[in-house]
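This report describes one protein chain, moving from single residues to helices and then to the chain as a whole. Please keep the sequence and the 3D view open while reading.

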Amino acid sequence: MKNLLQWTRLLPGARFVIGLPYLWLVVFFVVPFLILVRISVTDMGNGVDPFAPLITAADGVWHILLKYHNYLSIVGEQGDDGVMVWGQTIYIEAYITSVKYAFWTTVLCLLIGYPFAYFIARAKASRQPALLMLVMLPFWTSFLLRVYAWKGILADQGVLNNLLMWAGITHEPIQMLYTDVSMLVGMTYVYCPFMILPLYANLVKMDFRLLEAAHDLGASPWHAFWLITVPLSKAGIIAGSMLVFIPSVGEFVIPSLLGGAENLMIGRVVWDEMFSSNNWPRASALAIVMILFILVPMAIYNRYSDAANAPKEA
C-alpha cells in the first residue's frame, strides 16, 4: 500500500520512466514464466495448449486439469507395480552436477577475475578504457565460435597437445577434451568477464587512501587487502558471483561441445526432454524447478540484506 501511494505521487514522466522497465519484465519474463508453469501442469496426452482452461465442467461435475506427475517424476520414478519409488533420479543427478560445475566456475572466475579487476581499477585513468575494451573484446566474437576454438585447443591432436609433444613434455596426447577440465576451462573463459566488470565497477570507486592509512598503522599489504579491500568490494563479489553462477547452472552449449557423456547438466536434460522426447510438460517442470532453485535463495538473501542495511531508529 505504501508503494502504491508513492507511485500515485510521482509525476507522469517519472511514472513512464519507472513503469517501462516493469512493463518489459512483465511482457518478457512474467508472461513467459506463467506460460511455462501452465505447460508444466499439462497432461502430455491432452496436447500442449498453454491457453486451455484449467477447470472444466462435465455432467455438472467440475474437473481441475492439473497434473503434478511432471514434478513428482523429478524426485521419483514409478515402478512396475505403479508405486512411486523415491530416490536418485537422472534429474536430481543433473541438478547436482549443474550446481557443482556452476560453483567451481564461479570460484575460478573470482580467483582469476579479482586480480584483473583490481589491476584495472588501480591503473591510470587514461588506460582504463583500453583495458576494459580488452576484457569485453571476446564479446565481439560469436559465443559458439569461441567454444569451438577451445575444442581445437584441447583436442587430442589440438594445439595444446601438439605443443606439449613438440616440447618433449609428453610423448602421447593427453586426454583433455570431454573431461571436467575442458568443461571448467570453457565455462571459466566464457563467464570470466561477467565477474571482472562488476568487480571493477565496485573497486574503481574505492578510496585507496584507506590502504595507505592501514600501511601507516603497521598493517602488511596482505592484511590491508583482506581487512579493507575485500570487505569494501563485497557488493561487487556478490554481483559478479550471481552473474556467473546463474547462467552457468543452465548452461547448454559448453557441456554439449566440451563435456563428456558423464557431464550431464540440467540444460542438456531440458533440451532432450523438449526436443528428443518431445515431452514439453516435463521439460517445463524441470525449467521451473531450476528457476525457483535460483530465485528463491536470491530473494531470501536480498530480503535479509535489505533488513541488515536499513537504518536503525534511535
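## Residue contacts and helices

Leaving out residues up to four places away in sequence, Phe33 touches Ile288 and Ile291. The model is a predicted one. Phe33 is part of helix α2, which covers residues 12-40. Between Phe33 and Ala287 there are 9.7 Å from C-alpha to C-alpha, and these two residues are 254 positions apart along the chain.

A second residue to look at is Gln128, in helix α5 (residues 128-136). Is Gln128 buried or exposed? Its relative accessibility is 10%, so Gln128 counts as buried; the cut-off for buried is under 20% relative accessible area. Apart from neighbours within four places in sequence, Gln128 is in contact with Ile120, Ala121, Ala123, Tyr200 and Val204. For Val204, the C-alpha atom is separated from that of Gln128 by 9.9 Å, with the two positions 76 residues apart along the chain.

The next item is a pair of helices. The axes of α6 (residues 143-154) and α7 (residues 159-166) come within 4 Å and cross at roughly 25°. Therefore α6 is roughly parallel to α7, since angles under 35 degrees count as roughly parallel. On the α6 side the contact is made by Gly152, Ile153 and Leu154, and on the α7 side by Val159, Leu160 and Asn161. Sorted by class, the contact of α6 with α7 has four nonpolar residues, two polar residues and no charged ones.

Helix α13 spans residues 266-276, and its buried residues include Ile266, Gly267, Val269, Val270, Glu273 and Met274. Why do they count as being on the same side of α13? They cover an arc of only 165° around the axis, and therefore they lie on the same side of the helix. The face of α13 turned away from the buried side carries Phe275 and Ser276, which are exposed. Just after α13 comes Asn278, with a positive phi of about 55°.

Asn278 is not a glycine, and neither is Tyr178, which also has a positive phi. The table sets out these two residues.

| Residue | Phi | Loop | Relative accessibility |
|---|---|---|---|
| Tyr178 | near 65° | between α7 and α8 (180-203) | 38%, partly exposed |
| Asn278 | about 55° | between α13 and α14 (280-309) | 44%, partly exposed |

Some stretches of the chain are also described in a record. The unreviewed UniProt entry gives the annotation "transmembrane region" to residues 21-41, 101-121, 130-149, 181-203, 224-246 and 283-301. In the model, residues 130-149 are 70% helix and 0% strand, and the end C-alpha atoms of this span lie 24 Å apart. Residues 283-301 are 100% helix and 0% strand, with end C-alpha atoms 28 Å apart.

Finally, some totals for the protein. How many helices and strands are there? The protein has 14 helices and four strands. It has 314 residues, and 31% of them count as buried. Among contacts with a separation of 6 or more, 63% are between residues 24 or more positions apart.

Methods:
Residues are numbered from 1 along each chain as its sequence is written. This is a predicted model: local features need pLDDT of at least 70, side-chain atom pairs count only at pLDDT 80 or more; totals for chains, interfaces and linings use all residues. Side-chain values use heavy atoms; hydrogens and water are left out. UniProt positions are given in the numbering used here, feature names are shortened, and annotations may be inferred rather than shown by experiment. Helices (H or I, at least four residues) and strands (E, at least two) are DSSP runs, numbered from the N terminus. Axes are lines fitted to C-alpha atoms, for helices over the stretch in contact, and angles run from 0 to 180 degrees between N-to-C directions. Angles under 35 degrees count as roughly parallel, over 145 as roughly antiparallel, 65 to 115 as roughly perpendicular and the rest as oblique. Contact means heavy atoms within 4.5 Å. Ala, Val, Leu, Ile, Met, Phe, Trp, Tyr, Cys and Pro count as nonpolar, Asp, Glu, Lys and Arg as charged, and the others, Gly among them, as polar. Buried means under 20% relative accessible area, exposed over 50%, partly exposed in between (1.4 Å probe, protein chains only). The arc is that of the directions from the helix axis to the C-beta atoms.
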